[in-house]
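Student: I have a model open and want to work through it. Can we go step by step?

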Amino acid sequence: MRSSMLWTVASVFLFWGGVSPAAPPEKGPAPGISYRRDVAPILKRHCTTCHTKNDAQGDLNLDSVKSFAAGGKSGPAFKAGKPDESLVLRMLTGARKPAMPYKQPPLSKALVSALRQWILAGAKDDSIPTPVVEHIVLPRTYRIAPAVTSVCFSPDGKLLAAACRSEVVVLPVDGKGEPQRLPTESDLLTCVCFSPDGQTLAAVGGSPGQYGEVRLFAAAVGAASRAAPAKQVRLGSPDLRGETFQLRSARRIGKDTLFRGGFSPDGRTLALGGADSAVYLVPSGDGEVRKYDLHSDWVSAVAWSVDGRLLISGSRDKTIKVSLVESGRLIRSIATSTDYVNAVVSTPTMAISAGRERVPATYDLKLALGEVALRGTGNEMGPDRPSAQYTRRLETQPGEVHDLAVNAKRTLLAVAGNFGEARLYALPDGRRLATLTGVPAPVYGIALSNDGTRVATGSYNGQVGIYDAATGKLLRQLVPVPLAGKN
Ligand code: HEC
C-alpha cells in the first residue's frame with residue numbers, strides 16, 4: 001500500500017478491504033459461488049501485487065477471469081470444472097512448487113476452498129466490467145476541502161495556482177478578482193507550475209495504476225478585455241477579470257501517476273517524475289514524450305539545472321541522479337540520503353534535496369560532477385569519500401520534508417512538510433532567515449514568488465497560506481475551492 005502522506009487521498013481509491021468468504025461445504029459446488037463476490041477479492045488482496053498487466057510474474061495476469069484462464073508461462077492456470085488438475089490450486093496447496101502466494105504464508109483453507117468451488121462450478125465470470133475512469137466529475141461546491149498538493153506563483157507574482165485534488169484553482173494573490181477553476185481528469189494532481197513566460201500553466205497528476213496526466217492551460221485574454229481591444233491586457237495585470245486560462249492540451253502518459261517537476265528554462269519542455277521510476281520529458285507543444293529509466297522507485301521530483309542541460313531527479317529509491325537532458329545519460333548518482341527523497345531544486349552551483357530524512361542537503365554540482373579527489377600521500381593515498389566533499393547538510397527539520405522552493409535568483413530556499421511551519425533559508429550559506437508559523441500540517445506544497453517577497457503554502461486541510469517572506473507574516477489564508485454553504 002502506498003504510504004506517502006500525499007497519497008492518503010489516493011489510498012481511498014486503492015484500498016481493498018476484501019472480506020474472507022465463509023468456508024463453503026467441501027462437496028459439490030457451493031450454490032451461487034461468485035467470482036465477483038468470492039474470488040476476485042482474494043486475488044486482489046493476495047495475488048495482484050505480483051500478477052497484474054503491468055507486473056505479471058510468471059507471465060500471469062490476474063486482473064480478469066479471461067487473463068486468469070489464459071494463464072502464464074506454464075499454460076492455462078485452471079481447467080474449469082476440474083480443480084484438482086488446475087495449476088493454480090496445485091500451487092496454492094504447495095503440491096507444485098513454488099507455492100503461491102510466492103514466499104508468503106499459504107492462504108487459509110477457506111480461501112483455497114472458495115477458489116476450488118469456483119473452478120468446480122465452471123469458473124463463471126460474473127464480474128462487472130469496471131471502465132477506466134474517463135471523467136472525473138468535479139463538485140460544484142465541496143463539503144470538505146480537498147488537500148492542496150502543490151502551489152505555484154505566476155512569474156510576475158500576481159497569480160497563485162493551487163492543485164486541489166482533481167482541479168487547479170488560479171487565484172489573484174492580492175484577493176482582487178475571481179478565482180478560476182480548471183478541471184482535469186486526474187484522481188489526484190501532484191504538481192502545478194507556470195512556464196517561465198507565464199503563458200502556460202501545467203497541471204500534472206494521474207490515476208494510480210492507470211495513467212499519468214499532463215494538462216496545459218494557456219493564458220488567454222478573456223471576453224471582458226476583448227470587448228476593449230484598445231487596452232492591452234497582459235497576464236497578471238491588475239485587471240484580472242480579463243485573464244483566463246484555457247485548456248490547450250491534455251495528454252495521458254504512461255500507466256501511473258506523474259509527480260513533480262517543472263518547465264525547462266526555455267519553456268519548451270516539462271520534466272516530470274513517474275511512479276514507474278522513470279523521468280518524463282513532455283514537450284509543451286506537439287512532439288514525442290521522452291522517457292528515461294533512471295531510478296528504481298517513484299521519481300518524486302525533477303528539477304532542471306539553471307542552464308537547462310541537466311536533469312536532477314530525486315526518488316523514493318533514496319538517490320538523487322544527475323543526467324543529461326539530451327540523451328538521458330546518467331552522469332552521477334548521489335546516494336547520501338538514508339530515506340525517500342521527496343523534493344529537489346537547483347541553483348547555478350548546487351542541487352538541493354530533502355525528504356523523509358528531514359535534513360535538506362546541498363550538493364556542489366561542480367565537485368559532484370568532477371573527478372573524485374584523492375587524499376593523503378604515498379601509501380596513505382586513496383580516494384576520499386567523494387560525497388562528503390560535495391554534500392552539505394542544512395538544519396534538521398521537525399518532520400518529513402514534502403516540498404522545497406527557490407526564488408528566481410536562487411538566493412532563498414523555502415522548506416515545508418509534516419510540521420506546522422515553513423522555513424526560509426539564505427542560499428548558498430543555508431542560514432535560517434524566517435520561520436512561518438501556524439501552517440496547517442502536513443504541508444504538501446510550498447512556493448516562492450520569483451522576486452522572493454512572497455511564500456505560499458498548500459496544506460492537507462485544503463488551506464492555502466500566503467506570507468510575506470521578509471517578515472514571515474501571514475497575509476492571507478483561504479480555501480481555494482468553493483465550499484458548500486459559503487456561496
Ligand atoms: C510476491 C509475489 C507473488 C505473489 C503475491 C503471488 N505470486 Fe504467483 N507467481 C509469482 C512468481 C515469481 C511466479 C513465477 C514462479 C516460477 O515460475 O518460478 C508466480 C507464478 C504463479 C503461477 C504460475 C504461472 C505459470 O504459468 O507459470 C500461478 C498460477 C500463480 N503464480 C498464482 C498465484 C496466485 C493465485 C496468487 C495469490 C494467491 C499468487 N500467485 C501470488 C509471484 C507471486
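Student: Which residue follows H5, and what is the sign of its phi?

Tutor: This is a predicted model. Look just past the end of H5. The residue there has a phi near 105 degrees, which is positive. That residue is Gly122.

Student: Why does the distance between the end C-alpha atoms of helix H5 agree with the expected span?

Tutor: H5 covers residues 109-120, so it has 12 residues. At 1.5 Å a residue, the helix should span 16 Å. The end C-alpha atoms agree with that, because they are apart by 16 Å.

Student: How many of the 12 residues of H5 are buried?

Tutor: A residue counts as buried with 20 or more other C-beta atoms within 10 Å of its own. In H5, the buried residues include Leu111, Arg116 and Trp118. H5 is mostly covered, and the buried count is nine.

Student: Which helices are included in what covers the buried residues of H5?

Tutor: Buried positions in H5 include Leu115, Ile119 and Leu120. Their cover includes two helices, one of them spanning 35-46. The helices are H2 and H4.

Student: Which helix gives the largest share of the shell around the ligand?

Tutor: The ligand is surrounded by 23 residues, with Cys47, Cys50, Gly58, Gly72 and Tyr102 the closest. The largest share is three residues, from a helix at residues 87-93. That helix is H4.

Student: By class, how many residues of the shell around the ligand are charged?

Tutor: Sort the shell by class. It has 12 nonpolar residues and nine polar ones. The charged residues number two.

Notes: Residues numbered from 1 in each chain as written. Predicted model: local features only at pLDDT ≥ 70, side-chain atom pairs only at ≥ 80, totals over all residues. Near = placed C-beta within 6 Å. Helix = DSSP H or I, 4+ residues; strand = E, 2+ residues; numbered from the N terminus. Nonpolar A, V, L, I, M, F, W, Y, C, P; charged D, E, K, R; others polar. Expected span 1.5 Å × (residues − 1). Contact = placed C-beta atoms within 7 Å.
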